[in-house]
Amino acid sequence: MKYIQRFRSCLASMVLLAAGLLALPALAQNPADPRLQDMVLGKAEAPITIIEYASLTCPHCASFHADVLPEIKKEFIDTGKAKLIYRDFPLDQLAFAGAILARCAGPEKYFTYLNVLFAQQRQWATAKDPMAALKQIARLGGMPAEQFDKCLADKALGDYILAQRLEGNQKFNVNSTPTLIVEGKTISGV
């Protein structure tokens, strides 16, 4: 599939970036396409910014979303003290496909899809046919199979996700998930 080829190409590019043979591409926000922007949980004007880099197939990330994030949300995000910017850091092809699915759903449904993907991670990520399991999650979320397939082929969407991953690695030295950047300070692990 094309998304697998893009993911492999990105990994090859990351090796060249690490060796200093390529320049980091700019992570361009696209106001015309809300799927190609930071996804923010909380009030935009919140004084504290938390950036989370996570992979949808990472069990530690799923644990963070089930056990830690609800407390952060309750104490800091819901009270307006902080906002969370979620950034995809796919560690494999399935996480890449899941990230495409969540972004393709749009900003209104994005965090709902993330919650479902993390909560059901064991079921879809270890299924005999994980892509069929992702397609089923998309369908249950109101996305027709044709739209899911179209999303997987959306080069701009895939490139944006891969650029987020590259930026996290290059700008913040993210090399594991989950990683949080809280006001410039890096916190790795659950």
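# A guided tour, starting at Asn 173

Begin by selecting Asn 173, which at 55% relative accessibility counts as exposed. What you have open is a predicted model, and this residue sits in the loop between H8 and S4. Its phi is near 60°, a positive value in a residue other than glycine.

**Along the same loop**

Stay in this part of the chain and select Pro 178, whose place is also in the loop between H8 and S4. The peptide bond that leads from Thr 177 to Pro 178 is cis, and its omega is near -5°.

Then go on to Glu 183, which is found in the loop between S4 and S5. Glu 183 is not a glycine, yet its phi is positive, at about 50°. Is Glu 183 buried or exposed? With a relative accessible area of 52%, Glu 183 is exposed.

**The sheet**

Now select the strands and turn the view until you can follow them one by one. There are five strands in an open sheet, arranged in the order S1-S3-S2-S4-S5, and the pairing is mixed. Strand S1 (39–41) and strand S5 (185–188) stand at the edges and have a single partner strand each, so one side of each is left without a neighbour in the sheet. On average, neighbouring strands of this sheet are turned by 25° against each other, direction ignored.

As background for this view, strands of a sheet pair through backbone hydrogen bonds, and they do so either parallel or antiparallel. In which sense do S1 and strand S3 (residues 82–88) pair? The two run in the antiparallel sense, and their pairing extends over three bridges. To see one place along this edge of the sheet, select Met 39 together with Tyr 86 in S3, which stands opposite Met 39.

**Two helices across the sheet**

Keep the strands in view and add helix H4 (residues 107–119), which lies across S1, strand S2 (48–54) and S3, and which runs at about 70° to S3. Next add helix H8 (residues 155–172), which lies across S2, S3, strand S4 (179–182) and S5, running at about 110° to S3.

**Into helix H3**

From S3, follow the chain to Leu 91, which lies in the loop between S3 and H3. Leu 91 is partly exposed, its relative accessible area being 41%. If you select Ala 54 as well, you have a pair that is 37 residues apart in sequence and 8.7 Å apart in space, taken from C-alpha to C-alpha.

A little further on is Asp 92, and at the start of H3 a side-chain oxygen of this residue reaches to within 3.1 Å of the backbone nitrogen of Leu 94. Now select the whole of helix H3 (residues 93–104), whose 12 residues should span 16 Å at 1.5 Å a residue; its end C-alpha atoms are 16 Å apart, which agrees.

How many of the 12 residues of H3 are buried? The number is 11, so the helix is largely enclosed by the rest of the structure. Among the buried residues of H3 are Leu 94, Phe 96, Ile 100, Leu 101 and Arg 103. Just after H3, select Gly 106, which takes a positive phi of about 95°.

**The disulfide**

Go back to the end of H3 and select Cys 104 along with Cys 151, which are joined by a disulfide with an S to S distance of 1.5 Å. The pair links distant parts of the chain, since Cys 104 is in helix H3 and Cys 151 is in helix H7 (residues 145–152), 47 residues apart. In general terms, a disulfide is a covalent bond between the sulfur atoms of two cysteines. The structure holds one disulfide.

Both of its cysteines are away from the surface by the cut-off of under 20% relative accessible area: Cys 104 is buried at 9%, and Cys 151 counts as buried at 4%.

**Two further cysteines and Gln 121**

Select Cys 58 and Cys 61 next, where Cys 58 is buried with a relative accessible area of 5% and Cys 61 is buried with a relative accessible area of 0%.

The last stop is Gln 121, which lies in helix H5 (residues 121–125) and which, at 8% relative accessibility, counts as buried. Which residues does Gln 121 touch, not counting residues up to four places away in sequence? They are Leu 56, Thr 57, Cys 58, Pro 59, Ala 62 and Thr 126, so selecting them together with Gln 121 brings you back to Cys 58, which is buried.

Definitions and conventions
Residues are numbered from 1 along each chain as its sequence is written. This is a predicted model: local features need pLDDT of at least 70, side-chain atom pairs count only at pLDDT 80 or more; totals for chains, interfaces and linings use all residues. Side-chain values use heavy atoms; hydrogens and water are left out. Two strands pair if DSSP finds at least two bridges between them. Helices (H or I, at least four residues) and strands (E, at least two) are DSSP runs, numbered from the N terminus. Axes are lines fitted to C-alpha atoms, for helices over the stretch in contact, and angles run from 0 to 180 degrees between N-to-C directions. Contact means heavy atoms within 4.5 Å. The expected span of a helix is 1.5 Å times one less than its number of residues. Buried means under 20% relative accessible area, exposed over 50%, partly exposed in between (1.4 Å probe, protein chains only). A polar contact is a pair of N or O atoms within 3.5 Å; within protein, one must be able to donate a hydrogen and the other to accept it, and residues adjacent in sequence count only if both atoms are side-chain atoms. A disulfide is a pair of cysteine sulfur atoms within 2.5 Å.
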